[in-house]
Every structure is written in C-alpha cells, then in structure tokens.
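Hi everyone, thanks for making time. I've got one structure to show you today, so let me put it up on the screen.

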Amino acid sequence: ELRAVYGRVRAVAFENDGPGRKEAWREALRERVSRAAAAEAAGALPPRSRRHACYKEAEGPFDPDAAPRAVRTTYDAAADLDESAAMAREDRDAGDKSGGRRGSVVA
C-alpha cells in the first residue's frame, strides 16, 4: 500500500507548501518505502508488514509505471446504491406504509 501511495504522489507538485511540510512528508514516505523494499528483499520484513495471505492471488506489488487497466471489484458502491434505490421504488409502488423504514411495525 505504501508503494501505491508513493507511486501516486511522487510527481505531484504540491501547492501552498511554503514551509515544505508536504515535500518533507513525501521524502519521509519515499524513505519508508525504500526501507520496506530493502527489508522485503532481505527476507527481514516483520510479519505485521508482510502481505496478508488473503492477497496471495492478487497481483503485486504495485507498479506505478504500469498502464492503468480496468479490474472487476468484489464490491461496487454504485451498484449498491442502485439496489437501494430499486428497493425504495418497490416499497413505494407496493404502498409500503413504513415510510421506507424496513422492519418497522405499522399499527
């Protein structure tokens, strides 16, 4: 994840950074990524910093120079919103008296 963050901000021109704090943050991030990569290459990366087993089938590590490509995600917030809207329409069309509150008791 640090590689991905650094890949995104490594060439950003920070605006309003008079004191240089943003640039210092980026340099500290670069140093941290470099140390982690060296530790990983040496087999000395602490267990809590290693890639979790649930990602064993995922591609990686992140390559900031690779061309962007579309991927299918396991959760799609837009589809979830569409589903919620469809459920609200169904309730409305069915004459739901709960005011859209699922599980409400109507007397």
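I'll talk about one helix first, and then about one residue in the loop before it.

Just so you know, this is a predicted model. Okay, find helix α2, which covers residues 21-41. That's 21 residues, and from first C-alpha to last it reaches 30 Å, close to the 30 Å expected at 1.5 Å a residue.

Now, which residues of α2 are buried? They are R26, L29, V33 and A39. Look down the axis of α2 and those buried residues fall within an arc of 150 degrees, so they line one face of the helix. Here's the background for that: an α-helix has 3.6 residues a turn, so residues three or four places apart point the same way. And what do the buried residues of α2 pack against? That would be α1, residues 2-9. Flip to the face turned away from the buried side, and you'll find the exposed residues R21 and R35. After α2 comes G43, and its phi is positive, near 75 degrees.

Okay, next up is D17, in the loop between α1 and α2. D17 is buried, yet it has no salt bridge. How far away is the nearest side chain of opposite charge? That's K22, at 5.7 Å, and a salt bridge here has to be within 4 Å, so the pair doesn't count. What the side chain of D17 does reach is the backbone nitrogen of R21, at 2.9 Å. And if you leave aside neighbours within four places in sequence, D17 is in contact with K22 and E23.

That's it from me, thanks!

Note on methods
Residues numbered from 1 in each chain as written. Predicted model: local features only at pLDDT ≥ 70, side-chain atom pairs only at ≥ 80, totals over all residues. Heavy atoms only, no water. Helix = DSSP H or I, 4+ residues; strand = E, 2+ residues; numbered from the N terminus. Expected span 1.5 Å × (residues − 1). Buried < 20%, exposed > 50% of the residue type's maximum accessible area, 1.4 Å probe, protein only. Arc of directions from axis to C-beta. Contact = heavy atoms within 4.5 Å. Lys, Arg positive; Asp, Glu negative; His and termini not counted. Polar contact = N/O pair within 3.5 Å; in protein donor to acceptor, adjacent residues only side chain to side chain.
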